[in-house]
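Colleague: Got a minute to go through this one with me? I have some quick questions.

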Amino acid sequence: MIDLIRSKLEEATQLLEKVKQDDQLITQIELAATTLAETIRHGGKIIGCGNGGSHCDAMHFAEELSGRYRNNRIALHVLLLFLILVISLA
């Protein structure tokens, strides 16, 4: 089990190194962060959405923005949408 844990950590480390070297991805992340910051600065709201696991990610992100996170600050405006798609097979 320890070998598996170390293997998965090494895999994550290698992926992070690739991400750090990807200038195009870093630029896209910067653009997303700037867009979010400007939206909030101008009184806008961040809208998140997802279904299933993506909803959990969106919910966690919304909690980080609406809660205090690391600093004692006012909550930011966040709206989280959730779509439940049910398919019935007869």
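Colleague: Start with K20. Buried, partly exposed or exposed?

Modeller: Partly exposed, with a relative accessible area of 47%. Keep in mind that this is a predicted model.

Colleague: What does the K20 side chain meet in a salt bridge?

Modeller: E17. The N to O distance is 3.1 Å. E17 is partly exposed, with a relative accessible area of 36%.

Colleague: Why can those two reach each other along the helix?

Modeller: K20 and E17 are three residues apart in helix α1, so about one helical turn separates them. An α-helix has 3.6 residues a turn, so residues three or four places apart point the same way.

Colleague: How many salt bridges are there in the whole structure?

Modeller: Three. Another one pairs the side chains of E11 and K8, at 3.6 Å from N to O. E11 and K8 are also three residues apart in helix α1, about one helical turn.

Colleague: How exposed are E11 and K8?

Modeller: E11 is partly exposed at 47% relative accessibility. K8 is partly exposed, at 47%.

Colleague: And which residue does E38 bridge to?

Modeller: R41. The closest N and O atoms there are 2.3 Å apart. E38 and R41 sit three residues apart in helix α2, about one helical turn.

Colleague: What about exposure for E38 and R41?

Modeller: E38 counts as partly exposed, at 30% relative accessibility. R41 is exposed, at 57%.

Colleague: Let's stay on α2. How many residues does it have, and how far does it reach?

Modeller: Helix α2 covers residues 23–41, which is 19 residues. From first C-alpha to last it reaches 26 Å. The expected value at 1.5 Å a residue is 27 Å, so the helix comes close to that.

Colleague: What happens at the start of α2?

Modeller: A side-chain oxygen of D22 comes to within 3.2 Å of the backbone nitrogen of Q24.

Colleague: And which residue follows α2?

Modeller: G43 follows α2, and its phi is positive, near 85°.

Colleague: Switching to cysteines. How many disulfides does the structure hold?

Modeller: Zero.

Colleague: Why no bond for C49?

Modeller: Distance. The closest cysteine sulfur to that of C49 is in C56, 13 Å away, so it is too far for a bond. The cut-off for a disulfide is 2.5 Å between the sulfur atoms.

Colleague: Are C49 and C56 buried or exposed?

Modeller: C49 is exposed, with a relative accessible area of 55%. C56 is partly exposed, at 44%.

Colleague: Now the surface. Which residues form a nonpolar patch?

Modeller: M1, L4, I5 and L9. Together they have about 460 Å² of accessible area.

Colleague: Where is L9, and how exposed?

Modeller: L9 is in helix α1, which spans residues 2–21. L9 is exposed, with a relative accessible area of 53%.

Colleague: T13 next. Where is it found?

Modeller: T13 is in helix α1 too. T13 counts as partly exposed, at 40% relative accessibility.

Colleague: How far is T13 from G53 in space?

Modeller: Their C-alpha atoms are separated by 23 Å. Along the chain, T13 and G53 are 40 residues apart.

Colleague: Where does N51 sit?

Modeller: N51 is in the loop between β1 (46–50) and α3 (53–66). At 42% relative accessibility, N51 is partly exposed.

Colleague: Back to E17 for a second. How far apart are N51 and E17?

Modeller: 29 Å in space, C-alpha to C-alpha. In sequence, N51 and E17 are 34 residues apart.

Colleague: Last residue: A62. Buried or exposed?

Modeller: Buried, at 10% relative accessibility. The cut-off for buried is under 20%, so A62 qualifies. A62 lies in helix α3.

Colleague: And what separates A62 from H77?

Modeller: 8.8 Å between the C-alpha atoms, with the two residues 15 apart along the chain.

Definitions and conventions. Residues are numbered from 1 along each chain as its sequence is written. This is a predicted model: local features need pLDDT of at least 70, side-chain atom pairs count only at pLDDT 80 or more; totals for chains, interfaces and linings use all residues. Side-chain values use heavy atoms; hydrogens and water are left out. Buried means under 20% relative accessible area, exposed over 50%, partly exposed in between (1.4 Å probe, protein chains only). Patches are made of residues with over 30% relative accessible area and no salt bridge: like charges are joined within 9 Å, nonpolar side chains (Val, Leu, Ile, Met, Phe, Trp, Tyr) within 5 Å. Accessible areas come from the Shrake-Rupley method with a 1.4 Å probe; for residues, only the protein chains shown count as cover. A salt bridge is a side-chain nitrogen of Lys or Arg within 4 Å of a carboxyl oxygen of Asp or Glu. Helices (H or I, at least four residues) and strands (E, at least two) are DSSP runs, numbered from the N terminus. A polar contact is a pair of N or O atoms within 3.5 Å; within protein, one must be able to donate a hydrogen and the other to accept it, and residues adjacent in sequence count only if both atoms are side-chain atoms.
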